[in-house]
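Grab your viewer and work through these exercises. Try each one yourself before reading the solution.

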Amino acid sequence: GNLREQLEAEKLAAEAERKEAEAEVAAHKAAEDAASKATEERARRLQAERERVVKEVGEVRATREEAMQRRAEKEELRGKNLNAATTRLDVNLKLLDASIKKNEAMIKKLRAVTAENRDSVINGIKAINMTKFITECVDACAEAKLKGSDVPAMVQVVSVMHQRYAEVSKTLIPKLSANF
């Protein structure tokens, strides 16, 4: 019976070694899986951060491009305003409509200039002769209730008026000075 007990003990020891080896393999695999998951999580976070940075850089570039565009537009408008005295002669105002009805409609539009209707107002200014109504037009511009977003539109409208009628600046400056 001693041999049998010895065989049984060896069998139990082998079984215990096998289970211990399996446990070591399982622990090693679990550690590898955890490391792999941690690596994947780090890679995912890095990718998300890269995407965020790329998006921010794109936004900054777009903002910069918009600012450069606005600056170029301002410089162009300033150049036109500075050269207004020589270009005013290019327009024959007698060929344009000078009716009271059209001028009154324009004065009403000038009181409500917005970024959205700016082009319409500018086209209206270019289509009519406002020579006899400059004071009223300037008053409408100076008294207009503007939002901050509408100020650039009003600047462009007043610039177009200045480029066509010399009296605009002479009339507008005292009006604006009184408001500020």
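Two exercises follow, on the whole chain and then on one helix.

This is a predicted model, where local features need pLDDT of at least 70, side-chain atom pairs count only at pLDDT 80 or more, and totals for chains, interfaces and linings use all residues. Residues are numbered from 1 along each chain as its sequence is written, and side-chain values use heavy atoms, leaving out hydrogens and water.

**Exercise 1.** Work out how spread out the chain is.

*Solution.*
- Start with the secondary structure: 7 helices and 0 strands, taken as DSSP runs (H or I, at least four residues, for helices; E, at least two, for strands) numbered from the N terminus.
- Next, the radius of gyration is 40 Å, well over the 16 Å that the globule rule gives for 180 residues, so the chain is more spread out than a compact globule. That radius is taken over C-alpha atoms, and the rule is 2.2 Å times the number of residues to the power 0.38.
- Then check the principal axes: the C-alpha trace spans about 135 × 35 × 30 Å.
- Finally, buried residues make up 21% of the 180 (buried: under 20% relative accessible area; exposed: over 50%; partly exposed: in between; 1.4 Å probe, protein chains only).

**Exercise 2.** Find out how the buried residues of α3 are arranged around its axis.

*Solution.*
- List them: Asn103, Met106, Ile107 and Leu110 are buried in α3, residues 100–110.
- Look down the axis: these buried residues fall within an arc of 100°, so they line one face of the helix. The arc is that of the directions from the helix axis to the C-beta atoms.
- Recall the geometry: an α-helix has 3.6 residues a turn, so residues three or four places apart point the same way.
- Flip to the other side of α3, where Lys101 and Lys108 are exposed.
- Name the partners: the buried residues of α3 pack against α4 (118–127), α5 (134–143) and α6 (151–164), with contact meaning heavy atoms within 4.5 Å.
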